[in-house]
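Reader: I am new to this structure. Please take me through one part of it closely, then set that part among the rest.

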Amino acid sequence: MNYRIITVAVLLVALPAVAQKKKTVVNDSNTPLHLLQPAYQGTYGDLSPEQVKKDIDRVFNYIDKETPARVVDKNTGKVITDYTTMGDEAQLERGAFRLASYEWGVTYSALIAAAETTGDQHYADYVQNRFRFLAEVAPHFKRVYTEKGKTDSQLLQILTPHALDDAGAVCAAMIKLRLKDQTLPVDGLIQNYFDFIINKEYRLADGTFARNRPQRNTLWLDDMFMGIPAVAQMSCYDKESKNRYLAEAVKQFLQFADRMFIPEKGLYRHGWVESSTDHPAFCWARANGWAMLTACELLDVLPEDYPQRPKVMDYFRAHVRGVTALQSGEGLWHQLLDRNDSYLETSATAIYVYCLAHAINKGWIDAIAYGPVAQLGWHAVAGKINEEGQVEGTCVGTGMAFDPAFYYYCPVNVYAAHGYGPVLWAGAEMIRLLNTQHPQMNDSAVQYYQEKQKTTAPIFAVDKEDTKE
């Protein structure tokens, strides 16, 4: 049999069928091209409180495992339970993160907020347990330090703070929880921290918190957050001195902002040196996050009729406009905000997400304008939480510099503790936002609505009766 002839015949018979199956070209005449779906990078669109809760639980479970609250013998690793007998061999058990660092002060505040928002007691228990533990062991480490002249370096941050980093963020978180629970035995720790902040921290001649590194009389934007929220919280803790501490907190905020905010950019510079004639504008993302977060913390406690509240609010809103204009298409912000060839950074993005969501929830900024920005940012942040619960893409702790290379090449690391509190805080506030606003996809874009829309159409107009006036 001639198989070649048979094969050719079959092919000839099949040719018309192949021709009939020719793919139709999609064009403007035969297809509503506006309904084609954009090829978004990463996750975009719908978001539920349940999704967010799942993400922050993964982070919480990871840090809970990595931050034990025990005293051990540093030579043998044996757990010490009788603190009255311990000597200079005693130290806090080492996990991945330090219990009394400023980064963990942020984490404690975030978990206090998460407990309030979700009603999940596990978050509050974490903070309660570690604050009670630190309050219990601190006097015994102080005794060892007095007797031996040395003790665990992590406890020295509590006993003998030497910088706002050592004191401010943990102090603010302790005050927040102490105001909720009067049985929390942290008054001594709060007073020790606050004594350093208000009486011992180095200042400029006009009283602004300052440092003598890397230059004499240098302002670090970070120190807005490291000092001001604790002073603001003290106005609620020590009510007899409320006016004094509110005045101090506002004074500090405005003296930083008047020197460091760049109106034409809507951003803050990272550093300011008193002796310099020029003040270069390196707008480091996380420091701008600390400044925005400080404004939120201050506005939260300032009375509505406080004389300088409008000025603080003006700075905050101008900063929001400057920062949101620079969000990347992926949802993250760049390490140097106004230099989009610098890398995308997670911790700063998480801080901005928190601040935007919080400001919407408080009625300070508009949900229509900024809700989608916060939601896009959260999707990007959630994408940086790996399966283990670690936060990826966070810049490690830095100094302060006057050249771009320093910021461009600062390493990122999953053990950079700066990422965990902001991610938890952002998630908690996004849950609150999603419980009060009603985002919905409309024409392939996230839109925020004050009332839930009844339609599922891909493109729709909003009836006046479906929205609040």
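In which helix does E429 lie?

Author: E429 lies in helix 15, which covers residues 420-436. One point before going on: this is a predicted model.

Start with the cover around E429. Its relative accessibility is 4%. The cut-off for buried is under 20%, so E429 counts as buried. Now look at what surrounds it. Set aside the neighbours within four places in sequence. E429 is then in contact with Y354, A357, H358 and N361.

Those partners point to the next stop. Helix 12 runs from 346 to 362, and helix 13 from 367 to 382. The loop between helix 12 and helix 13 holds W364. W364 pairs with F316, which lies in helix 11. The two residues are 48 apart, and the pair links distant parts of the chain. The ring centres of F316 and W364 are 5.8 Å apart. Their planes stand at 85°, so the pair is edge-to-face. Is the pair buried or exposed? Both F316 and W364 are buried.

Helix 11 has a second aromatic link. It spans residues 309-324 and carries Y315. The partner of Y315 is F253, in helix 9, residues 242-260. The two lie 62 residues apart in sequence, so this pair ties together separate parts of the chain. Here the ring centres are 6.3 Å apart. The planes meet at 70°, so this pair too is edge-to-face. F253 and Y315 are both buried.

These are two examples from a longer list. The structure holds 24 aromatic pairs. Elsewhere, five residues form one aromatic cluster: F60, Y108, Y123, Y126 and F131.

F253 leads on to I228. I228 is found in helix 8, residues 222-237. Its relative accessibility is 1%, so I228 counts as buried. Leave out residues up to four places away in sequence. I228 then touches F209, D223, A249, Q252, F253, F256 and T294. Compare its position with Y370. I228 and Y370 are 142 residues apart in sequence. In space, their C-alpha atoms are 26 Å apart.

Now take a pair of residues with another spacing. M400 and R213 are 187 residues apart along the chain. Their C-alpha atoms are separated by 8.6 Å. M400 sits in the loop between helix 13 and helix 14, the latter at 404-408. Its relative accessible area is 8%, so M400 is buried. Which residues does M400 contact, leaving aside its neighbours within four places in sequence? They are P214, T218, L219, W220, H270, G271, F406 and Y407.

P214 deserves a pause. The peptide bond from R213 to P214 is cis, with omega near 0°. P214 lies in the loop between helix 7 (187-200) and strand 4 (218-220). N217 lies in that loop between helix 7 and strand 4 as well. N217 is not a glycine, yet its phi is positive, at about 55°. With 10% relative accessibility, N217 counts as buried.

W220, another contact of M400, has a charged residue over its face. R211 lies there, at 4.0 Å from the ring centre. A similar arrangement involves R259 and W272. The charged end of R259 sits over the ring of W272, 4.9 Å from its centre.

Positive phi turns up again at S444. Its value is near 70°, and S444 is a residue other than glycine. S444 lies in the loop between strand 10 (440-442) and strand 11 (445-447). Its relative accessibility is 15%, so S444 counts as buried.

Step back to the whole chain. It has 15 helices and 11 strands. Of its 469 residues, 54% are buried. The C-alpha atoms fill a box of roughly 105 × 60 × 50 Å along the principal axes. Take the contacts between residues at least 6 apart in sequence. Of these, 67% join residues at least 24 apart.

The surface and charges complete the view. The accessible surface comes to about 21500 Å², and 50% of it belongs to carbon and sulfur atoms. The chain carries 47 positive and 56 negative charges. The mean positions of these two sets are 2 Å apart.

Notes: Residues are numbered from 1 along each chain as its sequence is written. This is a predicted model: local features need pLDDT of at least 70, side-chain atom pairs count only at pLDDT 80 or more; totals for chains, interfaces and linings use all residues. Side-chain values use heavy atoms; hydrogens and water are left out. Helices (H or I, at least four residues) and strands (E, at least two) are DSSP runs, numbered from the N terminus. Buried means under 20% relative accessible area, exposed over 50%, partly exposed in between (1.4 Å probe, protein chains only). Contact means heavy atoms within 4.5 Å. Accessible areas come from the Shrake-Rupley method with a 1.4 Å probe; for residues, only the protein chains shown count as cover. Lys and Arg count as positive and Asp and Glu as negative; His and the chain ends are not counted. The place of a charge is taken as NZ of Lys, CZ of Arg, CG of Asp or CD of Glu. Rings of Phe, Tyr and Trp (its six-membered ring) pair if their centres lie within 6.5 Å; planes under 30 degrees apart count as stacked, over 60 as edge-to-face and the rest as tilted. A charge sits over a ring if NZ of Lys or CZ of Arg is within 6 Å of the ring centre and within 35 degrees of the ring normal.
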